[in-house]
Each structure stands twice: as structure tokens, then as C-alpha cells.
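Here are a few notes to read alongside the model. I hope they help as you look through the strands, helices and chain arrangement.

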Number of protein chains: 2
Amino acid sequence: MDESRKHDRILIALGGNAMIGPDGDASVTAQQAAVARAVTGVAELVAAGHEVVLTHGNGPQVGNLLTKNELSAHEVPPVPLDWCVAQTQATIGFTIQNALDRALRRVGSNRRTATVVTRTVVDPDDPGFTKPSKPIGRHVPRERADQLIALGQTWQDRGPKGWRRVVASPQPLDVLDAGTVSTLLGAGFVVVAAGGGGIPVVPDGDGWRGVEAVIDKDLTAAVFGRALGADVLVIATDVDHVMLHFGAADQEAIEATTPARLRVLAAEFSAGSMGPKVEAAARFVDAGGRRAVITSLDHIPAAAAGTFGTVVTGQA
Amino acid sequence: MDESRKHDRILIALGGNAMIGPDGDASVTAQQAAVARAVTGVAELVAAGHEVVLTHGNGPQVGNLLTKNELSAHEVPPVPLDWCVAQTQATIGFTIQNALDRALRRVGSNRRTATVVTRTVVDPDDPGFTKPSKPIGRHVPRERADQLIALGQTWQDRGPKGWRRVVASPQPLDVLDAGTVSTLLGAGFVVVAAGGGGIPVVPDGDGWRGVEAVIDKDLTAAVFGRALGADVLVIATDVDHVMLHFGAADQEAIEATTPARLRVLAAEFSAGSMGPKVEAAARFVDAGGRRAVITSLDHIPAAAAGTFGTVVTGQA
């Protein structure tokens, strides 16, 4: 670590569910309002001189695009899942950029922003492709699920709510467009990239091709952050800390910890949607990142400084 | 002009209709095949050492997204037209990047590619907003059009095919993200940007906000090209030359010409869809560009060199 550097390179991962309105409202105005709240702390960090990259989830938004695909397939050729991910990179990226431009002006910063369409390499032999397990999109009745299964999709019985599509969620290996982001960071831009975990691609002859999958955005953030040489990864979600025994009488916030200890704790509690966040934070630090912090959207600056949230470092 | 420079900065505008299959096939495989053909000449120019920026149309693709919006509005909140434009920047950009990466490897180039989400500023008082005139999307029966008109949209009777939506197509004033593209060009990237004419935004307080409109991609290319200091603008479409009396017995290809002469000729023939291309070429040269060329996708390298197509320069 270069101790002479006063400013950090910080990658902030904004949760997809945190970027829609209360009760899952994914209307345009609800998304814009949620994003405006999320970027306030980001602008503070930029104004303090840090290099900042933003990435974001896209679960609810991709779910909507799949539903549109399905409901209009009789009139418009459906697009594959990799195209849906690409679509959300542009709409969420554009929404973040507009909000961030405003937030930066308010804190007196003249830093410029950019959104980069980003591809993430996955292994075509990843077990995710043979056993799809990531639920996505709306619930449908069994009869409808049967029709879509006949088209080659995988759907699962999710109980009283109905059937839901499950897709491959392979491990991210490399972020193809990290060099683009590095170049822009070096020139002073605040960059939005690798949205939704990146557009999944696999090697194909002398190039790459998109594949039907979604990649966990926090696991991609761990890979992406190290590719960029980021010092700090902040995973911003809807809780202040990772909680031990969440919801129970003896629940307890995890504060300073190490990758090894956090993994042990995560194996003890039922990590659920926190699982990939815990694993991403641990991988980032294991791979040489100085600090990974899991916290809520409202505490991004303190988390980046390591003074709030579940703070993962190489030494406790 | 700097005569000591051996290589040019070239902006190539790929037509939206040229990037789908025969008979308007906008399936994913048809789009991929059309794009692979389009990038062959682009890779040659890059291998020869030129700095290349690509922009592209998106008419058929945006039409499909609007149809999806409409057919699924009962289940999924529709997204505005600026979001649809953003969506096509990512899907077409990603498709071009994958094809271009392959084409570059084939010609032995190791240049990297990037796709930038791009916003274009328009005037909120542009007459396009009070008198929408750009037809877009599918034809519907009158009864359906009446329902959509009741929601605030503008639809026009287009004769036997039915009614079609018309939207604002304001003049492009400035490309907000041109600085991002310049930075990447300077670092050696081949960049895809300002797709579909750019996401239309208007000034709003201390920032920008998206507006429901589509911008002509060739008119944006003229503004964008000059903002980047491009030497050459190539407008690649489905004809080799702009034709005088197109389709008539005395039809004649326009070869070398000037902005003033091209505008006079365009006023004489019925320019139709060629109108904005003619105007974009003339504006680029009037604003100081060395050369603007209108030709077909298959002749991009010769067009860039000024040896084929309708070649517009300051002197005939």
C-alpha cells in the first residue's frame, strides 16, 4: 500500500433492491428518487478527493424486462438475458449519472461522470449453466410455466405464489472492460460500470459472445475492484451491519472482522441474500484489497473511511 | 488542418435500418449478422492507424421497445422514450463491440473497444415538442390509437396500414458525454457512442433530465464529430451514393460536392429519409470538418479516404 497517497480508489456497489421505491415500486420516478438518495454520500467522497467507481444491482429491473419479453413475444422477438442486463446498465447508469451530476454540483465539485457498458467473463462450464438456481422475474401459474419450460427455460414451483424462472448465475472471472474504466478514472471521471454484475460473456473462437445468465453484482464487484486496484469496496444495501441471528432476540451486529471470521459467522447464521455480499467482501480483502465494508446506503462515507458498518480487513 | 498528421479521427455513423436483417428482421441473430458485416471496413480503418468512433441508429430497435411497453403496461410500469434510447445504446453497443473485437483480431490489431452511454442536449422549447412528427413503432387500429391518445400520446392516421405514434425529434445542440469519448480515443480505444442520436436531455435546475423524444442520429453525428475534432464523418447507409431523381430513368449519383450545392440538389429532389443525412453532412463540413461522405456499409474505407460515395468538402 502506498502510504503517501492521501486519497483512495473506492468501488461502491449499490444494491438493486435499494434502488427501487418502497414495496418494490420499480416505476421510473421511484427509481429516480431512490438513486438521488444513494448518490448523496457518493458525492461527498468525490468532493473529498477520492477516486470513485459505482456499480449497481438490477434484479427488479431485469425481472421487468423478462416479463415484457414474455408478454410481447407474439409481436416482438424476445431478447436474451445478456441483452436485458445490458439494457439495465444503460438505464440505471444514465439515472445515476444525472443524479450524481446534480449531487456533485451541490457539493461544489466539477468532476465529470461517465457510464461504461461492461462485459464480465464467465466459464461456459460453470455449474450454474447445468443447474440454474437464481430466481428471477414474476411468478406465473403452473400452466404458463409449462409452456415456457417447453421453450427451454427452467421454472420452479415456489409454493403459493406460483412458479418462477430460475437462471444461471455463474462466477465472475474477469471484467473485460476494466481497462476502459481505469482510463477514465485516471482522467478524473466518476464512473458507473459493471452494472448488474456485468453482461455475461464466454470465450468464443477469436472473441466473446453473450450468454443467458445473470452474475451476482457483489461477486463481480470483488473481481472488478481488484482489477482496478481499488483500496476500498463498499457494499451498500438496506441494513447498517451484517447481523448475527438477524431478527432474533439475541441478534448482534458484526463490526470489525476478517475474511476468515466473517465466513465462519456466515456459515453459522443463515446468510440468505447476505451470503454473496459476505463472500464478495471476503474475496476482495483476500485478494489484497485494504478494506471491504457492508452497510446501508445512508452510511457510505463513514463506511468508506472504515468507521461504520461491517468492516472487513486483513487484520481484526 | 494539421498536414503533418498521417492519421485521421473518423466518426462513422451506421444506419439503424442497415443493422437489422433483410425485410426488417430485428431478431437478435439478424442484428448480430448485420453488425458483423458493418464492422469489417471499420476494422480496416483502425488497422491503418486511424482513430475511429462509431455511432449508430436505433429506429427498429426503439420501435420494438415501445411495442413491448405497450403490450405489457398492465403488468410492468412502461419506461419513457429516453430510457428506450438508453437501452438500445447498450444492446447495440455491446453487439458492435463483440463483433468489432473479432474483426480487429482478424486484421491483427490489438486496439481495445468501449461503449459509452451518451446524453445529447436538446432545447425544451424545440418546435418538435409542440408538433411531434417523427413516426415510430408499430401500426395499430384506430380504436387502440384512441386509447393511447387518451394517455397523452400523439398518433397519426397513416392510411391502410393503420395508426402510428409520432414523437418529438428535436435538434441536437450538444453531446454531454463527448469528453468521455475524447479521453478514451486519446488512450487508443475504438469507441461506440451517441447511439440513436444520444439520450435526449434538457437543462433542469442544477442538472439535466431525460425527455420523451428521439434525436436524428446523423444530425447528432454532425455535432458530435465537431465536438471531438473529427476530420472525417462517414454516414453509412444502404445506398452507394445520394441519388438525384432516385428510381427515375435519368437518376444520377452525386459524387464530389459542397454543402451549398448538396443542399440545392436536396431541395430539388424529394430527399425523404436521405434529408437528415444530407443536412448532417453539410453541417459537419460547414462547421469545419474536412470531409463528410454518404455511402453504403460496404464502402466505409474508401469513403473515409474520400475516393467513393457522395463526398462533401468545403471545395468541390
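1. A word on terms before the details: helices (H or I, at least four residues) and strands (E, at least two) are DSSP runs, numbered from the N terminus. Contact means heavy atoms within 4.5 Å, while axes are lines fitted to C-alpha atoms, for helices over the stretch in contact, with angles from 0 to 180 degrees between N-to-C directions. This is a predicted model, in which local features need pLDDT of at least 70 and side-chain atom pairs count only at pLDDT 80 or more, whereas totals for chains, interfaces and linings use all residues. Residues are numbered from 1 along each chain as its sequence is written, chains are lettered from A and ligands numbered from 1 in the order in which they are written, and side-chain values use heavy atoms, with hydrogens and water left out.

2. Let us begin with the small sheet of chain A. Its three strands form an open, antiparallel sheet in the order S5-S7-S6, where two strands pair if DSSP finds at least two bridges between them. Strand S5 (134–140) and strand S6 (155–157) of chain A are the edge strands, each pairing on one side only. On average, neighbouring strands of this sheet are turned by 35 degrees against each other, direction ignored.

3. Staying in that sheet, S5(A) and strand S7 (residues 163–167) of chain A run antiparallel and are joined by five bridges. Lys134(A) has Val167(A) as its bridge partner in S7(A). Helix H2 (residues 59–71) of chain A lies across S5, S6 and S7 of chain A, at about 50 degrees to S5(A).

4. In chain B, do have a look at the hairpin. Strand S6 (residues 154–157) and strand S7 (residues 163–167) of chain B pair in the antiparallel sense over four bridges, and Asp157(B) stands opposite Trp163(B) in S7(B). Five residues lie between the strands of this hairpin, and Gly159(B) takes a positive phi near 85 degrees there.

5. Chain B also has an open sheet of eight strands with mixed pairing, in the order S3-S9-S2-S1-S12-S16-S17-S15. Strand S3 (113–116) and strand S15 (256–257) of chain B stand at its edges with a single partner strand each, so one side of each has no neighbour in the sheet. Within chain B, strand S16 (residues 291–296) pairs with strand S17 (residues 310–312) in the antiparallel sense over three bridges; Ala292(B) has Val312(B) as its bridge partner in S17(B).

6. Which strands does helix H7 of chain B lie across? Helix H7 (residues 217–227) of chain B lies across S1, S2, S9 and strand S12 (232–237) of chain B, running at about 170 degrees to S1(B). Helix H3 (residues 81–106) of chain B lies across strand S1 (9–14), strand S2 (51–56), S3 and strand S9 (190–193) of chain B, at about 170 degrees to S3(B).

7. Now for the two copies, superposed by least squares on the C-alpha atoms of residues with pLDDT of at least 70 in both. A turn of 180 degrees and a shift of 0.0 Å along the axis lay chain A on chain B with an RMSD of 0.0 Å. The two copies are thus related as by a two-fold rotation axis. In chain A, the C-alpha nearest the axis belongs to Gln87(A), 2.1 Å from it. The copies meet through the same surface, because 100% of the interface residues of chain A are also interface residues in chain B.
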